[in-house]
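Let's take a walk through a protein together, one piece at a time. Keep the picture open as you read, and look up each spot as we get to it.

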Amino acid sequence: MNIGVVVHGPQMLDSGYARKILDLLGNYGKVKARLGGTMGRTAVIDAKLENTIDINRKLLPSQSIDLFVDENVDVIFLLDYGKSSVTGHAFGYKVSGRCKDSKKLIQIERPGEPDGTIISWGDGFQELAGEMAKILDLKVVSPDEVRDEMKDKTCCRHEDETGKPTRIYRKVAGVSPDENIFLNGIVVGRTTSNDVTLVAEDGVLTEIRGGNLKKHGVEKLGSVNLENAIVKTGLLRRSRVKPRILRVKSVDSAARLEDETADITAADLKFNVSYLDHAAEDIYKLRRSDLVVTVGDDTTLVASDILYRFKVPIVGITDGDLDKVVEQGFKTEGSIIVELESGWDDIIGKKIFFELFKGRETIQIVNIENFKKELLQTISSIASSHNIKCSWKRINDKVPCGSSN
């Protein structure tokens, strides 16, 4: 058979089951795998599977499935490891409804867990699903069971009263108190119960029933189609896995300077510095930058953790409003975290973007340390106080770690 595999989420990779299932499916035919979603890309790299699982494109799980449908594979496996069987079934229910054709789709959910299941979303692969269930010790669940389970847990309800804004209510399945709520990759609130409903009026999230709304997150999110939005709760990555360091730059500028045989001077070198203020953006496109300025606590945490794999330092502009979206974050040597008073990170970020970056996402500079000093001077000229934290001891940097003014 020609087998397509869509791997979703870091936990399937961190647990080792992605590799195990891919090897197992190799006994049935030719296997081609790609990622569905974005947070799993780091986990693919850490698992040394980037040559096995295609991570080159930023695709939703349904889009990855659609590509396999277009390629006319014989069967498609969706590998997911939700934080509970409820969230996993809700995920499969949504994805199977969004893709072009779910007749060839088999979902493997939470392998290795007591509540692990396998769901054949089409009618023609129950035998194969049953065989895989025996090998992986999973319970076979019918798609009708999942649909009945999810009908009330993930439903959307519309209200359209004459003369009033159109209101949409969307229930969220499988939540627990004190979890982050992500909408299209942005933290928009935090749960206070296990019964959560999102409410939007005319494309704007206005209320979280069973949770607290984060106004700053809603502002970053902007207009949203609540019915079709990607909703997640909890941590983006739960496992504590040792990061795998890669070097992707074709030429390492610092190494070239240290090479006495190189026919080059410092004045000839150009360094790429990028600006990022949105954690939901494609951070991997910045892996060839020499430095990235990040704005916002969660953006800084996620970006620094991803870019750590590519040895890219960051300058993080934060204000202490951290939602802790990953279990553990890492920072490249030479990174700086600037802590400001609450609400000042976006104000300072815009100032830096227009004054230092001239409104561009990436600029070229000749001296990184001079750029850092100019950036800190810009902050000092506006903010009444700030605190500088460094991830590692920096060399030839006259700004002491932990200084404040």
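Two strands count as paired if DSSP finds at least two bridges between them. Keep that in mind, and also that what you're looking at is a predicted model.

Start with strand β10, residues 180-183. Strand β10 pairs with strand β15 (residues 231-233) in the antiparallel sense, and 3 bridges hold that pairing. If you want a landmark there, find Phe 182, which stands opposite Lys 232 in β15. β10 also has strand β11 (residues 186-191) as a partner: 4 bridges join them, and the two run antiparallel. Here Leu 183 sits opposite Ile 186 of β11. β10 and β11 form a hairpin with 2 residues between the strands, and in that hairpin Asn 184 takes a positive phi near 50°.

Which way do the side chains of a strand go? In a regular strand they alternate between the two faces of the sheet. In β10 both faces are covered: Asn 180 and Phe 182 are buried on one side, and Ile 181 and Leu 183 are buried on the other.

Now hop over to strand β4, residues 75-80, where 6 of the 6 residues are buried. Val 75, Phe 77 and Leu 79 point one way, while Ile 76, Leu 78 and Asp 80 point the other way. The pairing is parallel this time: strand β1 (residues 2-8) and β4 share 5 bridges, and β4 is joined to strand β5 (residues 105-109) by 5 bridges, also running parallel. Ile 76 is a handy residue to click on. Gly 4 stands opposite Ile 76, and in β5 the bridge partner of Ile 76 is Leu 105.

So what is packed inside? The largest nonpolar core has 52 residues, and those with the most contacts inside it are Val 5, Val 7, Ile 53, Phe 77, Ile 108 and Met 132. Helix α2 (residues 17-25) gives the most to this core, with 6 residues. Apart from the largest core lies another one, made of 26 residues, including Phe 271, Val 273, Ile 336 and Ile 388.

Ile 108 is a good place to see how the packing works. Setting aside neighbours within four places in sequence, Ile 108 is in contact with a whole crowd, among them Met 12, Ile 21, Phe 77, Leu 79, Ile 118, Met 132 and Leu 138.

Next, look at Arg 41 in helix α3, residues 40-46. Is Arg 41 buried or exposed? Buried counts as under 20% relative accessible area, and Arg 41 is buried because its relative accessible area is 5%. Leaving out residues up to four places away in sequence, Arg 41 touches Leu 35, Ile 55, Asn 56, Lys 58, Asp 282 and Tyr 284. The Arg 41 side chain also reaches the backbone oxygen of Ile 55, at 3.3 Å. Arg 41 and Val 7 are 34 residues apart in sequence, with their C-alpha atoms 9.9 Å apart in space.

For a longer look at a helix, try α12, residues 368-382. It has 15 residues and reaches 22 Å from its first C-alpha to its last, close to the 21 Å expected at 1.5 Å a residue. At the N-terminal end, Asn 367 acts as a cap: one of its side-chain oxygens lies 3.0 Å from the backbone nitrogen of Glu 369. Ile 368, Phe 371, Lys 372, Leu 375, Leu 376, Thr 378 and Ile 379 are the buried ones in α12. Why are they on the same side of α12? Because they cover an arc of only 155° around the axis. An α-helix has 3.6 residues a turn, so residues three or four places apart point the same way. On the other side of α12, Gln 377 and Ser 381 are exposed.

Let's finish with two loops. Ser 289 lies in the loop between β16 (271-276) and β17 (291-295). At 5% relative accessibility, Ser 289 counts as buried, and its side chain makes a polar contact with the side chain of Ser 274, at 2.8 Å. Lys 311 is in the loop between α10 (297-307) and β18 (314-318). Lys 311 has 40% relative accessibility, so it counts as partly exposed. Lys 311 and Arg 287 are 24 residues apart in sequence, and from C-alpha to C-alpha they are 8.3 Å apart in space.

How values were computed
Residues are numbered from 1 along each chain as its sequence is written. This is a predicted model: local features need pLDDT of at least 70, side-chain atom pairs count only at pLDDT 80 or more; totals for chains, interfaces and linings use all residues. Side-chain values use heavy atoms; hydrogens and water are left out. Buried means under 20% relative accessible area, exposed over 50%, partly exposed in between (1.4 Å probe, protein chains only). A polar contact is a pair of N or O atoms within 3.5 Å; within protein, one must be able to donate a hydrogen and the other to accept it, and residues adjacent in sequence count only if both atoms are side-chain atoms. A nonpolar core is a set of buried Ala, Val, Leu, Ile, Met, Phe, Trp, Tyr and Cys residues joined through side-chain atoms within 4.5 Å. Contact means heavy atoms within 4.5 Å. The expected span of a helix is 1.5 Å times one less than its number of residues. The arc is that of the directions from the helix axis to the C-beta atoms.
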